[in-house]
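Work through these exercises with the sequence and the model side by side. Try each task before reading its solution.

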Amino acid sequence: VRGNELLDLMELVDPAYVAAADMIPKKKNRTVWKTVAAIFCVVLCGGLISYIFPFLSPGNPPDVPYPVTGMNSPWEHEGNSITVTDVTVTDSYLAQDGTLYSEEKGDYLVIVRCKAILVPGWSITGHSLTCSGSSGTNLCSPSEPLIEVSENGEKTRLLLFSIRMQDFAGDIDAYLLEIQIGSGNRVGQQGFVFFQKTASTLLGLVV
Amino acid sequence: MDDPTIVDLYLQRDETAIQETAQKYGRRLRSLAYGFVENLQTAEECENDTYMEAWKSIPPHEPRNYLYPFLARIVRHIALDFCRSSSRLKRNAYICELTAEMEQCIPAPDDSMCRLEEAELAGAINGFLSTLGAEKRDIFLRRYWFLDSISAIAFRYGYSESKVKSVLFRSRNQLRVYLQKEGYDL
């Protein structure tokens with residue numbers, strides 16, 4: 001038997017098989033499965049990479065208990081940016097209205113210096129500081145709405161927060177600073193996490 | 001008109017049987033023939049020859065329950081002969097390609113001393129096809145019964161061409177092994 005004869009002999013196969021092969025097959029939607037498999041692989045690879053190389057993974061160190069707000073629209077698109085330049089803990093502060101905040105009076109003061117470059121029409125609409133420690137989590141009271149000073153020819157905003165130590169017993173381990181900006185109906189929010197570095201300075205982690 | 005009635009017309013030598021056949025299966029047969037010869041005029045000739053062959057074959061055959069496969073087999077045979085006899089048709093080279101592929105299924109080179117009866121070999125091929133899964137069997141038949149191109153099969157089943165080639169390659173090897181195991185030295 002040669003190949004051409006075998007090809008001819010194929011006509012003797014069971015008619016039922018021929019009829020079945022002549023039917024229009026149901027097309028399997030393999031694209032969906034491919035997409036699902038691809039997404040699964042990407043998620044798996046991402047998880048593995050962040051597990052093996054934790055320093056490559058963006059976001060918080062695993063022991064940070066705070067949710068940190070990322071950079072939201074319109075921050076990226078509008079050119080707005082806020083950078084925290086310095087965070088200090090002080091034992092006394094004389095506010096613009098003449099109020100003296102001091103440790104002796106039971107205040108624990110945190111001063112945040114930040115540089116805000118805002119698109120015209122945008123402004124800082126709110127800020128809050130949350131501290132966390134062995135006794136739990138507390139929201140600090142902003143002692144002054146917002147102070148804008150000029151340092152080295154650059155405009156810097158000073159954010160002063162006071163913590164009533166009688167409300168917060170124990171050590172403070174970390175802080176979450178949240179700053180909101182707005183323009184009309186549009187709003188944006190950015191979060192910063194700080195850890196205690198020394199008794200009077202904080203290490204800023206800008207996220 | 002249903003198939004048994006059409007076959008009865010053939011058996012009664014009623015010429016309306018051919019009209020009824022053409023009406024019911026003409027387009028499919030022509031399409032099938034076109035798939036082989038890729039020439040409309042030749043496909044129509046194949047179709048008409050099929051009716052003539054069916055007229056001669058019924059009786060003794062009585063394909064009441066498999067009229068279309070019966071006609072399809074005839075049209076395939078006629079179209080293949082057309083392809084081989086007419087060097088004008090481009091399909092000649094394609095048939096050679098398929099023939100070469102089928103050669104791979106043959107365990108031993110051609111040897112007139114150990115020729116098989118056609119019926120035995122057909123039985124063996126059917127036995128082999130029964131061992132294949134439905135989809136692999138369909139792909140095998142699309143290639144070697146309907147003579148579809150690889151790309152056409154890939155499109156039909158939603159596979160890539162390399163996947164179809166791979167399935168066919170394995171099926172051919174399986175057929176060769178099957179024939180050897182069954183003791184067929186071709």
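Buried means under 20% relative accessible area, exposed means over 50%, and partly exposed lies in between. Keep these cut-offs at hand. The model is predicted.

**Exercise 1. Place Glu53(B) and say whether it is buried, partly exposed or exposed.**

Step 1. Find the element. Glu53(B) sits in helix 3 of chain B, residues 40-57.

Step 2. Read the area. Glu53(B) has a relative accessible area of 32%, so it is partly exposed.

Step 3. Look at the surroundings. Glu44(B), Glu45(B), Asp49(B) and Glu53(B) form a surface patch of negative charge.

**Exercise 2. Describe the nonpolar surface patch of chain A that includes Phe40(A).**

Step 1. List the members. They are Phe40(A), Leu44(A), Leu48(A), Ile49(A), Tyr51(A), Ile52(A) and Phe53(A).

Step 2. Give the area. Together these residues have about 780 Å² of accessible area.

Step 3. Take Phe40(A) itself. Phe40(A) belongs to helix 3 of chain A, residues 30-52. Its relative accessibility is 54%, so Phe40(A) counts as exposed.

**Exercise 3. Draw up a profile of each chain: helices, strands and buried residues.**

Step 1. Count the elements. Chain A has four helices and 11 strands. Chain B has nine helices and zero strands.

Step 2. Find the buried share. In chain A, 37% of the 207 residues count as buried. In chain B, buried residues are 47% of 186.

Step 3. Add the surface. Chain A has an accessible surface of about 12,000 Å², and 58% of this belongs to carbon and sulfur atoms. For chain B the accessible surface is about 9,400 Å², with 48% belonging to carbon and sulfur atoms.

Step 4. Check the contacts. Take contacts between residues at least 6 apart in sequence. In chain A, 62% of them join residues at least 24 apart. In chain B the share is 65%.

**Exercise 4. Which residues does Ile117(A) touch, leaving out those up to four places away in sequence?**

Step 1. Place the residue. Ile117(A) is in strand 4 of chain A, residues 107-117.

Step 2. Name the partners. Ile117(A) touches Gly79(A), Asn80(A) and Ser81(A).

Step 3. Compare sequence and space. Ile117(A) and Ser81(A) are 36 residues apart in sequence, and their C-alpha atoms are 5.3 Å apart.

**Exercise 5. Find the cis peptide bonds at Pro59(B) and Pro60(B).**

Step 1. Start at Ile58(B). The bond from Ile58(B) to Pro59(B) is cis, with omega about -15°.

Step 2. Move on. The bond from Pro59(B) to Pro60(B) is cis, with omega near 15°.

Step 3. Locate them. Pro59(B) lies in the loop between helix 3 and helix 4 of chain B. Pro60(B) is in the loop between helix 3 and helix 4 of chain B.

**Exercise 6. Arg13(B) and Leu147(B) have positive phi. Is Arg13(B) buried, partly exposed or exposed? And Leu147(B)?**

Step 1. Check phi. Arg13(B) has phi of about 60° and is not a glycine. Leu147(B) is not a glycine and has phi of about 60°.

Step 2. Find the loops. Arg13(B) is in the loop between helix 1 and helix 2 of chain B. Leu147(B) is in the loop between helix 7 and helix 8 of chain B.

Step 3. Apply the cut-offs. Arg13(B) has 37% relative accessibility, so it is partly exposed. Leu147(B) has 1%, so it is buried.

**Exercise 7. Trace three salt bridges, and say which parts each one joins.**

Step 1. Recall the idea. Side chains of opposite charge can pair when their charged atoms come close. The structure holds seven salt bridges over all chains.

Step 2. Take Asp22(A) and Arg28(B). They form a salt bridge at 2.8 Å, N to O. Asp22(A) is in helix 2 of chain A and Arg28(B) in helix 2 of chain B, so the pair joins two chains.

Step 3. Take Lys24(B) and Asp3(B). Their closest N and O atoms are 2.9 Å apart in a salt bridge. Lys24(B) lies in helix 2 and Asp3(B) in helix 1 of chain B, so the pair ties together parts 21 residues apart in sequence. Lys24(B) is partly exposed at 37%, whereas Asp3(B) is buried at 13%.

Step 4. Take Arg64(B) and Asp8(B). They meet in a salt bridge at 2.7 Å, N to O. Arg64(B) is in the loop between helix 3 and helix 4 of chain B, Asp8(B) is in helix 1, and they are 56 residues apart.

Step 5. Look for a network. Salt bridges that share partners join Asp22(A), Arg28(B), Arg142(B) and Asp148(B) into one network.

How values were computed: Residues numbered from 1 in each chain as written. Chains lettered and ligands numbered in written order. Predicted model: local features only at pLDDT ≥ 70, side-chain atom pairs only at ≥ 80, totals over all residues. Heavy atoms only, no water. Patch = residues over 30% accessible without salt bridge, like charges linked within 9 Å, V, L, I, M, F, W, Y side chains within 5 Å. Areas by Shrake-Rupley, 256 points an atom, 1.4 Å probe, with all protein chains shown as cover. Salt bridge = Lys/Arg side-chain N within 4 Å of Asp/Glu carboxyl O. Lys, Arg positive; Asp, Glu negative; His and termini not counted. Charge placed at Lys NZ, Arg CZ, Asp CG, Glu CD. Buried < 20%, exposed > 50% of the residue type's maximum accessible area, 1.4 Å probe, protein only. Contact = heavy atoms within 4.5 Å.
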